[in-house]
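Me: I am new to this structure and would like to learn how to read it. Could we go through it together, one feature at a time?

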Amino acid sequence: MVPLNDDNPTSTTPVIVYGLIALNIVIFVYEKSLGESGLQQFFDEWAIVPADLSSEWFTLVTSQFLHGGFLHVGGNMLYLWVFGN
């Protein structure tokens, strides 16, 4: 089941949701521009590595912007767009 809309009318524009969607897409395009070794280095620095979680706490936030493929980022952004308001 793919959501296309919801029954939660709003009177304001969800600017923060649009910003989060744009930020996610920009980061995903950047991920795709990296080579194989560059992508691995990028994930090592910004993704959650459970062994390093005690010293790298900021990865709890930065890992939310990393996606594994077009369907992953597309699905997540669709749900954010529909239900984010």
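Reply: Gladly! Keep in mind that this is a predicted model. Let's begin with overall spread: the chain has a radius of gyration of 15 Å, whereas a compact globule of 85 residues would have one near 12 Å.

Me: What box do the C-alpha atoms of the chain fill along the principal axes?

Reply: Roughly 45 × 30 × 25 Å.

Me: How many helices and strands are there in the chain?

Reply: You will find four helices and zero strands. Following the sequence, the pattern reads α-α-α-α.

Me: What share of the residues in the chain is buried?

Reply: Buried means under 20% relative accessible area. Here, 21% of the 85 residues fall in that group.

Me: And how do I read the contacts?

Reply: Look at how far apart in sequence the partners are. Taking contacts between residues at least 6 apart, 63% of them join residues at least 24 apart.

Me: What does the chain expose, and which atoms supply it?

Reply: The chain exposes about 6,300 Å², with carbon and sulfur atoms supplying 65% of that area. On the surface, I48, L53, L60 and V61 make a nonpolar patch of about 320 Å².

Me: Let's take one residue of that patch. Where is L53 found?

Reply: L53 sits in the loop between helix 2 (36–46) and helix 3 (59–62).

Me: Why does L53 count as partly exposed?

Reply: Partly exposed lies between the two cut-offs, under 20% for buried and over 50% for exposed. L53 has 32% relative accessibility, so it counts as partly exposed.

Methods. Residues are numbered from 1 along each chain as its sequence is written. This is a predicted model: local features need pLDDT of at least 70, side-chain atom pairs count only at pLDDT 80 or more; totals for chains, interfaces and linings use all residues. Side-chain values use heavy atoms; hydrogens and water are left out. Helices (H or I, at least four residues) and strands (E, at least two) are DSSP runs, numbered from the N terminus. The radius of gyration is taken over C-alpha atoms; the globule rule is 2.2 Å times the number of residues to the power 0.38. Buried means under 20% relative accessible area, exposed over 50%, partly exposed in between (1.4 Å probe, protein chains only). Contact means heavy atoms within 4.5 Å. Accessible areas come from the Shrake-Rupley method with a 1.4 Å probe; for residues, only the protein chains shown count as cover. Patches are made of residues with over 30% relative accessible area and no salt bridge: like charges are joined within 9 Å, nonpolar side chains (Val, Leu, Ile, Met, Phe, Trp, Tyr) within 5 Å. A salt bridge is a side-chain nitrogen of Lys or Arg within 4 Å of a carboxyl oxygen of Asp or Glu.
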